[in-house]
Structures are given as structure tokens and as C-alpha cells.
Amino acid sequence: SHYLDRIAAANPALNAFITVDREQTLAMARAADASRAAGQAGPLTGVPIAHKDIFCAEGWRTTCGSKMLDNFVSPYDAHVVAQCKAAGLVTLGRTNMDEFAMGSSNENSAYGVVRNPWDQTAVPGGSSGGSAVAVAARLAPAATATDTGGSIRQPAAFCGVTGLKPTYGVVSRYGMVAYASSLDQGGPLAQTAEDCALLLNVMAGFDARDSTSLEVAKEDYTRELNQPLKGLRIGMPREYFGAGLAADVMSAIEAALAEYRRLGADVVEISLPRTELAIPAYYVIAPAEASSNLSRFDGVRYGHRAAEYENLADMYEKSRAEGFGAEVKRRILTGSYVLSHGYYDAYYLQAQKVRRLLSEDFQAGFAQCDVIAAPAAPTVAWNIGEKSKDPVAMYLADIYTLGVNLAGLPGIAHPVGFGSQGRPVGLQLIGNYFSEARLLNAAHQFQ
Ligand code: GLN
């Protein structure tokens, strides 16, 4: 009730939630109370959680930030949602996001922009802006989110909270509306690394319904939280700290690295020589996959259908023209183009080769360090409207997060201070495959 009241008071200004359903939430809370009374409570029983509106949840409207799914009430639970339910977590509502998770500012939502609680003239980051704002404004103690090219880490950084993007395959994508399937990964957003670890314990785990879910033993992500950082080697890629990085972000990160040194870590310089190829590779591969994934929204089985049409082809065309926003259409066009006969080899195939090279760069980096330090974004949160008319400027702001998804690696962003206009700065730590516990450990020691 405390959180529902806070949402009722703050959401009209912040717009972090698309859907709130007091009755369903209170029913889940009563069920959690009953299991506690019956002695069946787990560590998170009764803890409220906000779900990004990309995770299907039975009986809940699941819009994915799109007019296309405005009327869609899911008939089933995503794996992540089912796991949260089984752990006794109580759903507070559904958080706002860029349409189909395409964006870096939450300005692409069909449900309006989300406002950054630190400065309501600033964007919250995206695409998981609603989840980050819900946590930052204390409208929820934790939230689920997804990260295809930075959508957990960048909004965490812009809103001064902690977010973890796990190794690809650790969290099942079953029931998570698909954007770019080879990059999409669910993960937690919370105030602290410790809370992220507790939530990842619930979200992670093998699921046969996702063909890329990894059959690895269940881990306790809290197990290394209290380990000292003595001897931890933190790599600073020189390509990440040069031109293009704002001075205020640089100085907050330098101060954070000094704190890591004080905690016993060694900071070494490394090189990720092909960093600048991440943006062109990602903005070929992600739209290519999106153009295929979004072909399911045809107005036939579910989602928006145009009111008037002449024949089947016209129905598809009108439904999609009305249901999708401008950025989604731009990605579908780009994706169809790079996959088309005659261009496939020049763009898509090249991008896949670059993807491999970027992974090799990271592996060479990890030969010299345990974790890689990086900014989450080149600047603090920008002003609402500042980049919304310039898609390429928006894409360029993803330079420090995309490589992690292309390589399938885990990354965490945690708050390290404030930059210009009092807007938060986040530090990103990137680990090798399955090093989530180590990343959480480092962030926890810092916090
Ligand atoms: N900003 C990137 C994009 O627009 C990443 C989004 C995401 O991670 N879902 O595609």
C-alpha cells in the first residue's frame, strides 16, 4: 500500500508506470501474507516489484510501450514473471519503456516520455526508463528490465541506481517481447548491488522454453558480495576514455577508480582497438533481427487492427502503419534493407564478422584484467527533446554499452556521483562470461 500510494502521488509527473492495478497487487500481497503465515515464506516473499512492460504477465496488460499492443492482455507469464511469482514477489505495476525497447531516452514510448526524478527536464535513459525511475524515485524497491544494447545499464546510470545485464543465456527470454533475440537479455534494476543479486537469484536459471537458455548450475549471486577487492585488476580501455567522453563524467569515474584503488584494486590500461565498430555493427544486427521479430504484429491474432481496410494486404499495411511509431518503422526499414538480396553480404554479413572481432577484443582485454571499467554513457542524462529529432545522435550515445551485448558479456552499472546540473553518473563494470557474482561483489564493496 505504501508503494501504491507513492505511485499514485508521483506517477502523474514522472510517468514511470504504464499500468497499475491496485486490486491485482493487493491480491498478490494477501497471498504473500498467507504463505508467510503458513511458514512458507522465502527471502523475498511479499517484496514488491515493478515489471518492465516487455515481460508478459498473465492477466496484465503488456504493451511493450507500443500502440500496437495497447489492448493486449497476456494469457501467460514470461519465465521471469513466473519465477518472481514463485518467489512471492508482489507485482506493483508495469513500467514505461521505449517502444519495443528501441531507444536510449524513453522518448519513443507511445505512452509518453518518462521524467528523470533528479531533474524532471532530463530524460531517464532508455529503453528501461520506467523501471529505473520507479527504483530511483522509491516507487518500487526493485524492478525487472531488459538490455539489448544498454537498456539496463544506461538508465541505471542516468537515474543513479544499480543495474545488471547478465551473460547472454542466463535469464530466459521466454515471454519477453523480442527485439533483437541474439542480444536481448533480462536483468535486475535496484538501489544496490546486493538487491540486484537477490533479484538475479530469482530471475536466472535454465528454461527449456528458450532455445538459448544456458544449462548451467543454479548459482547464489550473493555468495561473493563480501569478498575483499584486494588484487582485483580493473582494466581501463584507452578507447573508452578519450575524445567524446564528457569531462564531468570522466572526473566522476576517475574519483570512483581512486576509491576502487583504496579498496585494494589495481587499475591497468588496456586496449579494445575496434570499439568504434560497435555502433555500426549493432545498428545493422539489431534492426535486422527486429525486422524479422516484428513481422508477427500483423493485426491478425492479437494487437492493433485497423478499423477499415479493403483486403488482407491492406489490413496488414494499415494496422502496422497505425500501430508502430516512427523509430520502430525506421528500424524495420533498416533491417529489411540490410537483409535484402544484394545488400546482405555488404551489411549483415560484415556486421556479423565485426561482432566476432569485438568479442576477440574483449577476450584479449580479459587476458590483462579481471573486470573492465567503462562509462555507461558519454554524458549525463540529456534534456528531454535534445536528441529526439536526431536518431543518429541518439545511437552514438550507446557507444560504451553495445559491445557487451554483441559479445554476450555481463555488465553492471552503479552510481558513482554527480556530473553537471546535479545529474547522476554511473560506472560500468564489464566482466567475462558468468562473472556476475564478481561484478556484484565489486559494486557492493564500493557501495
Ligand atoms: N539504445 C539501444 C537501442 O536503441 C539499446 C536499447 C536496448 O538495450 N533495448 O537499440
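Does Ser 127 count as buried or exposed, or, put another way, which of these opposite words fits its surroundings? In this predicted model, Ser 127 has 34 C-beta neighbours inside 10 Å and therefore counts as buried, since 20 or more such neighbours are enough for a residue to be called buried. Ser 127 lies in the loop that runs between strand E3 (90-95) and helix H4 (129-136). When residues up to four places away in sequence are left out, Ser 127 touches Met 97, Asp 98, Ala 101, Met 102, Gly 103, Asn 106 and Ser 151.

One of these partners, Ser 151, leads to an annotation, for an unreviewed UniProt entry places the feature "active site" at Lys 52, Ser 127 and Ser 151. These residues span 100 residues in sequence, yet no two of their C-alpha atoms are more than 11.1 Å apart, so they gather at one spot. Lys 52, another member of this group, is found in strand E2, which covers residues 48-52. Because Lys 52 has 32 C-beta neighbours inside 10 Å, it counts as buried. Apart from its neighbours within four places in sequence, Lys 52 is in contact with several residues, including Thr 95, Met 97, Ser 128, Gly 130 and Thr 146.

The ligand is the next place to look. It is surrounded by 13 residues, of which the closest are Ala 101, Ser 104, Thr 148, Gly 149 and Ser 151. Sorted by class, the shell around the ligand has four nonpolar, seven polar and two charged residues.

A helix shows burial in another setting. Helix H10, made of residues 326-339, has 14 residues and reaches 20 Å from its first C-alpha to its last, which is close to the 20 Å expected at 1.5 Å a residue. Its buried residues are Val 328, Arg 331, Ile 332, Gly 335 and Val 338. Seen down the axis of H10, these buried residues fall within an arc of 140 degrees, so they line one face of the helix. They pack against helix H8 (278-293) and helix H11 (344-366), whereas the face of H10 turned away from the buried side carries the exposed residues Ala 326 and Leu 333.

Finally, Thr 222 has its place in the loop between helix H6 (193-203) and strand E7 (233-237), and because it has 19 C-beta neighbours inside 10 Å, it counts as partly exposed. Not counting residues up to four places away in sequence, Thr 222 touches Glu 194, Ala 197, Leu 198 and Asn 201. The C-alpha atoms of Thr 222 and His 444 are separated by 9.8 Å, although these residues are 222 residues apart along the chain.

Key
Residues numbered from 1 in each chain as written. Predicted model: local features only at pLDDT ≥ 70, side-chain atom pairs only at ≥ 80, totals over all residues. Helix = DSSP H or I, 4+ residues; strand = E, 2+ residues; numbered from the N terminus. Buried ≥ 20, exposed ≤ 12 C-beta atoms within 10 Å, placed from the backbone. Contact = placed C-beta atoms within 7 Å. Near = placed C-beta within 6 Å. Nonpolar A, V, L, I, M, F, W, Y, C, P; charged D, E, K, R; others polar. UniProt positions renumbered as here; feature names shortened; annotations may be inferred. Expected span 1.5 Å × (residues − 1). Arc of directions from axis to C-beta.
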